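Ready for some practice in reading a protein structure? Take your time with each exercise, and try it yourself before you look at the solution.

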Amino acid sequence: MNPVNYLYLAALLFTIGAAGVLIRRNAIVVFMCIELMLNACNLTFVAFSRMHGNLDGQIIAFFTMVVAAAEVVVGLAIIVLLFRSRHSASVDDASLMKL
Amino acid sequence: MTNSENLIALLVAAPLLGAVVLLCGGRRLDRSGHWIGTLFAAASFVVGAVLFVDMLGKGADERAMHQSLYDWIPVEGFQADVAFQLDQLSMTFVLLITGVGSLIHVYSIGYMEHDERRRRFFGYLNLFLAAMLLLVLADNYLLLYVGWEGVGLASYLLIGFWQHKPSAATAAKKAFLVNRVGDMGLSIAIMLMFTTFGTFTFGPVLEATGETSEGTLTAIGLLLLLAACGKSAQVPLQSWLGDAMEGPTPVSALIHAATMVTAGVYLITRSGAIFNAAPDAQLAVAVVGAVTLIFGAIVGCAKDDIKKALAGSTMSQIGYMILAAGLGPIGYAFAIMHLVTHGFFKAGLFLGAGSVMHGMNDEVDMRKYGGLRKYMPITFVTFGLGYLAIIGFPGLSGFFSKDKIIEAAFAKGGTEGWILGCTALLGAAITAYYMTRVMLLTFFGEKRWQPAPDPDKAPSVEPGIEVHPGEMPHPHESPKSMTIPMVVLAFGSVFAGGLFSLNDSFVNWLKPVTEFEHGHPPISATVITSATVVALVIGLGIAYVQYGRRPVPTLAPRGSLLTRAARRDLLQDDFNHVVLVRGGEHLTRSLVYVDHTLVDGVVNGTAASFGGLSGRLRKLQNGYARTYAVSMFGGTAVLIAATLLMRAV
């Protein structure tokens, strides 16, 4: 199978993730879309690793997973606290950071 | 080095000590203060006389004495010493200052008898003497400047001595401020001298004039002239002298007639070498003198206040001196000679005026005098002799000194000589006119006395003298302490000029210091002398017709345009007000306007535009995380697109 197809799939996944981040209001869904974009990146790393025949891309994919796991921990904690204080998971409700 | 040189400092120290004792001594000296003040003044005179005798005993070229007291400011490349120089010129001034000064101290004992602040008055008088002596004894311009400011301070304190009178307080301030303008000239001249010559000592500065560019010397000369104008009340800085008559009369006699106002003449004569090397500045001096001598004389003609008429006369006579000093070596000696004779007769006239006021409930309006010769015989005779001296009656002091100045003015040569000479002649005629007017109004004619004004309504009444409202004045001769100085000064007014002119003794005396050349007027001296006498007779005649033969109204008539202008000091205050005060106000206002619109405009405009811009940019921060995400994606997309484009190119 042509490895370029993996890149097409990754681009599609990334676009879906980005669109989700921009469009959806629910913090959980936005969070999931971010994960989707991270995984699209992982997919490109692995695909390029295969295409170029070295392991650098695969190693970086592991790094990305570790970072993503850490991010999930912090991110979910923030979302839980946000929900507790505002009784809503909408990112638009948390718009206090403006002048 | 002889012992007499050590005495020079004593001249200054004696009155200075007197001032310190009197001003710091407090009330316990109230009873004896006037004696202490007079004693110190007289002590200074005695020292001066001793030095004079000592000086006479030496050859003409060895007479200059010098005493260094201490190094004042010894800095690398800048040396200022407290050192005195006593030469023939300084000696003349020392004798005049201490002599007339002592007489006026004696006079003040009687004149200020009822003033409860008499001790302070004598303290100020002593302070004045010390400063004035410092001025004429200094051997460098910087020390001269100390004395120059000192006399200004003393003058301020004494004009405003009756500071409870708003007019006196204002007059003192006015004198001080106008003098500052002149002082500025002197200080800049001194700075200029230092940068040019590297020293301020008279000797080196005046010797170095030959090697200096004429432009620099002209600048220094004009600045010195400005200084002289301020101190000597010459046009255009003359406006303070008339108001200075608010001070007690002895002050007017000593400071504003005989001594301090002649400091400008001293300065110009002392700096003669500078002016000799800068003909333009010298001509400016002569012109200022000529203008002022007419200006002062016209003002003197219109004033009804006896002291202000005399003040106009002082201005005019100093104009003569400045004119003579502006003629160069043919005039310096005569300027100083007129200065000394003027010191005698003008001080005598002022003391006479004080004596008249003393007897007339402090009335100063001559229209309310009249017929006083019978009641105040001594005052009449002494005042009359002073009068004859000032108008230049042949044989009296003023005749000799003024005639010499007129001759020297003609001898200047060319058109200038004719103009200056004729101006001086015209001045002589006007002098005769206004002085005859003063004389006739005061001592002749019928009595025009008025009852004393209500002191509440007329706050100008001097304190301490009991005046009962509605009471007619009882003119009486003044006490001996006042008449004796008047008699002594009258002797001076009569004989000084003749004595000085005998064998040209005064000119020969001053010659080593001021240089002297015989002027050669285009017409013979006899013609000029006759013309002077004719001018005198004309002025006298007109005044007699106007004031001697017709009754004098008690209230001044409206008068011609010139008379009204002259009553207002020829509009000098109006001029100053319109040009300087208004001009200054407009200048400040326009500067404030420029500051507010332009300078503030730029600053505020910059701030406002940044503020407005930030206000717009602020809207970008709306707090919505998704908006930030869009800008982040957008930015990344642009970056990637740019990178790809760069690679493609």
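The exercises below go through this predicted model step by step.

**Exercise 1. Describe chain B as a whole: what is its secondary structure, and how much of it is buried?**

Solution.
- Step 1: Begin with the secondary structure. Chain B has 24 helices and two strands.
- Step 2: Look at the dimensions. The C-alpha trace of chain B spans about 120 × 65 × 60 Å along its principal axes.
- Step 3: Turn to burial. A residue is called buried when its relative accessible area is under 20%. Of the 649 residues in chain B, 55% are buried.
- Step 4: Consider the surface. Chain B has an accessible surface of about 26800 Å², and carbon and sulfur atoms account for 66% of that surface.
- Step 5: Ask how the contacts are spread along the sequence. Take the contacts in chain B between residues at least 6 apart in sequence: 80% of these join residues at least 24 apart.

**Exercise 2. Describe the contact between chain A and chain B: how many residues does each chain give, and what area is buried?**

Solution.
- Step 1: Count the residues. Chain A gives 14 residues to the contact, and chain B gives 10 residues.
- Step 2: Find the area. The size of an interface is often given as the accessible area lost when the parts come together. Here about 1000 Å² is buried between chain A and chain B, with 64% of it from carbon and sulfur atoms.
- Step 3: See where the residues of chain A come from. H1(A) supplies four residues, the largest share of the side of chain A that touches chain B.
- Step 4: Sort that side by residue type. The residues of chain A that touch chain B are nine nonpolar, one polar and four charged.
- Step 5: List the specific interactions. Between chain A and chain B there is one salt bridge, and three residue pairs are in polar contact, counting pairs with both residues at pLDDT 80 or more.

**Exercise 3. Which residues are joined with A:Asp92 into one salt-bridge network?**

Solution.
- Step 1: Find one partner. A:Asp92 forms a salt bridge with A:Arg25, and their closest N and O atoms are 3.2 Å apart. This pair links distant parts of the chain, 67 residues apart: A:Asp92 is in the segment after helix H3 (56–86) of chain A, while A:Arg25 is in the loop between helix H1 (4–23) and helix H2 (27–52).
- Step 2: Find another partner. A:Asp92 also forms a salt bridge with B:Arg626, with the closest N and O atoms 2.6 Å apart. That pair crosses between chains, and B:Arg626 sits in helix H24 (residues 625–648) of chain B.
- Step 3: Check the burial of the residues. The cut-off for buried is under 20%. A:Asp92 has 15% relative accessibility, so A:Asp92 counts as buried. B:Arg626 counts as buried because its relative accessibility is 17%.
- Step 4: Put the pairs together. Through shared partners, the salt bridges join A:Arg25, A:Asp92 and B:Arg626 into one network.
- Step 5: Set this beside the total. Over all chains the count is 14 salt bridges.

**Exercise 4. Is B:His338 buried or exposed, and which side chain makes a polar contact with B:His338?**

Solution.
- Step 1: Locate the residue. B:His338 is part of helix H15 (residues 332–359) of chain B.
- Step 2: Read its accessibility. B:His338 is at 0% relative accessibility, and therefore counts as buried.
- Step 3: Name the polar partner. The side chains of B:His338 and B:Ser401 are joined by a polar contact of 2.9 Å.
- Step 4: Look at the surroundings. Leaving aside neighbours within four places in sequence, the residues in contact with B:His338 include B:Gln317, B:Tyr320, B:Phe345 and B:Ile405.

**Exercise 5. Examine the backbone: what is phi at A:His87 and B:Ala233, and where is a cis peptide bond?**

Solution.
- Step 1: Start in chain A. A:His87 is not a glycine, yet its phi is positive, about 55 degrees. A:His87 lies in the segment after H3 of chain A, and it counts as exposed because its relative accessibility is 64%.
- Step 2: Move to chain B. B:Ala233 also has a positive phi, near 55 degrees, and is a residue other than glycine. B:Ala233 belongs to the loop between H8 and H9 of chain B. At 0% relative accessibility, B:Ala233 counts as buried.
- Step 3: Find the cis bond. The peptide bond from B:Val235 to B:Pro236 is cis, with omega near 10 degrees. B:Pro236 is in the loop between helix H8 (214–232) and helix H9 (239–243) of chain B.

How values were computed:
Residues numbered from 1 in each chain as written. Chains lettered and ligands numbered in written order. Predicted model: local features only at pLDDT ≥ 70, side-chain atom pairs only at ≥ 80, totals over all residues. Heavy atoms only, no water. Salt bridge = Lys/Arg side-chain N within 4 Å of Asp/Glu carboxyl O. Buried < 20%, exposed > 50% of the residue type's maximum accessible area, 1.4 Å probe, protein only. Contact = heavy atoms within 4.5 Å. Buried area = accessible area lost by both parts, 1.4 Å probe. Polar contact = N/O pair within 3.5 Å; in protein donor to acceptor, adjacent residues only side chain to side chain. Nonpolar A, V, L, I, M, F, W, Y, C, P; charged D, E, K, R; others polar. Areas by Shrake-Rupley, 256 points an atom, 1.4 Å probe, with all protein chains shown as cover.
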